Protein chains: 2
Amino acid sequence: MFLYHSIMSVEIKISLNESIYLRDPQDSTLGRNIIKHSILLIDELGFEAFNFKKLAQKIGSTEPSVYRYFENKHALLIYLVSWYWEWVAYLIKINTININDPKKKLEIIINSFVLASVDNPTTDHVDENILHRVVIAEGTKAYRTKEVDEENGKGLFEHYKKLITKVAVVILEINPSFEYPYALASNLCEMSNNQIYFAKHLPKLTDIKVEENKYSEVQKMLNYFASKLLGYEM
Amino acid sequence: MFLYHSIMSVEIKISLNESIYLRDPQDSTLGRNIIKHSILLIDELGFEAFNFKKLAQKIGSTEPSVYRYFENKHALLIYLVSWYWEWVAYLIKINTININDPKKKLEIIINSFVLASVDNPTTDHVDENILHRVVIAEGTKAYRTKEVDEENGKGLFEHYKKLITKVAVVILEINPSFEYPYALASNLCEMSNNQIYFAKHLPKLTDIKVEENKYSEVQKMLNYFASKLLGYEM
DNA sequence: TTTTAATAATAGTTTTACTATTATATAGGA
DNA sequence: TCCTATATAATAGTAAAACTATTATTAAAA
């Protein structure tokens with residue numbers, strides 16, 4: 001991950017696996033527009049109704065131009081969720097920089113999963129808040145396809161796996177004999193998104209309540225689950 | 001749920017919310033063929049590549065005939081996952097009939113989530129084993145859409161909610177002061193499918209290993225998670 | 001036997017998901 | 001300054017998906 005600092009603003013450039021895209025969207029205005037407005041449009045229409053024609057219309061470009069950046073809308077979705085995972089990894093990194101207690105670290109990790117955005121809207125072409133909503137609603141579609149093995153072989157899910165590995169390391173720091181560090185790490189991440197989605201759309205499947213970007217109950221629940229499973233007091 | 005017993009075989013008829021389908025597929029040969037072969041074809045092609053034309057071809061019928069049973073392939077998917085959830089509820093029911101210990105009940109529930117089929121292939125037009133695979137791979141797509149609120153309002157997810165409620169009741173029997181019975185119930189169910197999927201396709205996201213229909217490690221892990229969270233010894 | 005309902009056959013439409021080709025604008029180098 | 005490479009835009013298309021309408025045929029029920 002590269003961090004560019006300028007005098008006027010802090011601009012973060014997140015570097016993503018090259019096989020996700022055909023041409024790096026961060027390197028041109030059109031590319032950044034594709035990212036920015038695809039997030040808004042997927043949030044608005046849902047992934048199924050979203051397509052490159054509508055996106056091109058929205059940004060005053062054409063369908064073939066968008067296709068020069070991404071093979072198809074599925075590749076674009078993988079790009080967006082990878083961006084999101086890198087962003088969460090970045091949040092965890094800067095917020096745990098002076099923290100030594102692994103329990104405290106895990107708490108920060110959970111907060112990063114749940115909040116993901118709120119405080120620091122640092123990148124002008126990505127609204128992390130809306131991207132988080134998109135990942136909650138559409139994220140699993142990135143890897144729930146018939147092509148998962150082939151795409152995994154190309155490294156398209158490295159960003160997610162890297163993040164989960166980092167979390168697993170912290171889990172083992174807390175409790176070195178815990179048998180399921182990776183499963184707990186991925187479950188905390190998936191559960192966070194799932195339970196937020198349930199609270200919003202299928203409230204009978206959860207106990208927590210959620211208001212517009214107020215996810216404190218999710219945070220509390222995940223911390224409770226983690227502490228119980230790893231055997232420590234909060 | 002109705003149970004029909006005949007002399008020659010035990011045939012289970014699972015009754016599903018009428019708003020899922022246009023015409024009850026269990027009431028005709030064509031309908032049962034649609035169910036049977038849609039499961040096989042979705043398993044083979046994945047939900048995205050599956051469509052009513054290919055299905056009609058496979059069962060020697062026509063596209064318009066299939067459309068007389070289901071509004072579209074999304075409705076058919078909701079039907080299939082609802083069938084699956086009812087099937088799991090049925091398994092839980094018959095296997096906990098003489099069990100009083102709620103901890104033992106929860107163990108049976110977890111086994112039903114994980115195994116879902118293996119022993120009792122009772123319904124001739126549904127292969128529960130393959131249906132389980134389909135639910136693992138495609139299940140979340142049933143409710144992760146822009147139409148979720150509208151469809152939830154029509155009662156299309158009642159079968160899932162009913163199942164989760166039953167599990168939540170058992171969780172509270174074990175530990176009446178547990179704060180998150182619904183979240184734990186839905187998470188056990190989602191986690192089961194998720195972790196099996198990860199073991200098969202993204203093994204770096206989990207610790208468990210899975211072989212063709214050998215899910216004992218998942219079972220063990222979920223039981224461990226449940227016992228830790230609810231504070232009992234296995 | 002008549003009527004009804006279910007299915008099949010045929011033939012469409014609209015939208016999606018792409019691709020090919022050509023034109024234009026712009027940026028950098030000689 | 002011109003030349004050339006490259007990005008993008010404009011236009012026009014194709015193949016398949018996701019339906020729908022209409023009519024014919026068959027089977028079952030009254």
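This report describes a predicted model of two protein chains with DNA, taking the copies, the DNA surface, the core and selected residues in turn.

In this predicted model, local features need pLDDT of at least 70 and side-chain atom pairs count only at pLDDT 80 or more, while totals for chains, interfaces and linings use all residues. Residues are numbered from 1 along each chain as its sequence is written, chains are lettered from A and ligands numbered from 1 in the order in which they are written, and side-chain values use heavy atoms, with hydrogens and water left out.

**The two copies**

A turn of 180 degrees with a shift of 0.0 Å along the axis lays chain A on chain B with an RMSD of 0.0 Å. That is the relation of a two-fold axis. The superposition is by least squares on the C-alpha atoms of residues with pLDDT of at least 70 in both copies. Of the interface residues of chain A, 100% are also interface residues in chain B, so the copies meet through the same surface.

**The surface near DNA strand D**

DNA strand D is surrounded by 17 residues, the closest being A:R23, A:S61, A:R68, A:Y69 and B:E63; a residue is near the strand if one of its heavy atoms lies within 4 Å of it. This surface divides into five nonpolar, six polar and six charged residues. Here Ala, Val, Leu, Ile, Met, Phe, Trp, Tyr, Cys and Pro count as nonpolar, Asp, Glu, Lys and Arg as charged, and the others, Gly among them, as polar. Sugar or phosphate accounts for 63% of the strand D atoms within 4 Å of the protein, and bases for the rest.

The table lists distances from side-chain atoms to the backbone of DNA strand D.

| Side chain | Strand D atom | Distance |
|---|---|---|
| A:S28 | phosphate oxygen | 3.4 Å |
| B:N51 | phosphate oxygen | 3.4 Å |
| B:Y67 | sugar or linking oxygen | 2.9 Å |

The elements giving two or more residues to this surface are α3 (63–67) of chain A and α3 (63–67) of chain B. Of these, α3(B) gives the most, with three residues. Helices are DSSP runs (H or I, at least four residues), numbered from the N terminus.

**Core and helix α6**

The largest nonpolar core has 165 residues, and those with the most contacts inside it are A:F70, A:L106, B:F70 and B:L106. Such a core is a set of buried Ala, Val, Leu, Ile, Met, Phe, Trp, Tyr and Cys residues joined through side-chain atoms within 4.5 Å. Beyond its neighbours within four places in sequence, A:L106 is in contact (heavy atoms within 4.5 Å) with residues including A:V167, A:I171, A:L188 and A:Y232.

In chain A, nine of the 11 residues of helix α6 (residues 128–138) are buried. Buried means under 20% relative accessible area, exposed over 50%, and partly exposed in between (1.4 Å probe, protein chains only). The buried residues of α6(A) pack against α1 (29–45), α4 (73–95), α5 (102–115) and α9 (181–201) of chain A. At the N-terminal end, A:D127 caps α6(A), with a side-chain oxygen 3.0 Å from the backbone nitrogen of A:N129.

**Two lysines**

A:K141 sits in the loop between α6 and α7 (148–153) of chain A and counts as buried at 7% relative accessibility. Its side chain makes polar contacts with the side chains of A:E48 at 3.2 Å and A:E138 at 2.5 Å. A polar contact is a pair of N or O atoms within 3.5 Å; within protein, one must be able to donate a hydrogen and the other to accept it, and residues adjacent in sequence count only if both atoms are side-chain atoms. A:K141 is also in contact with B:R144.

A:K104, in helix α5 of chain A, is partly exposed, with a relative accessible area of 38%.
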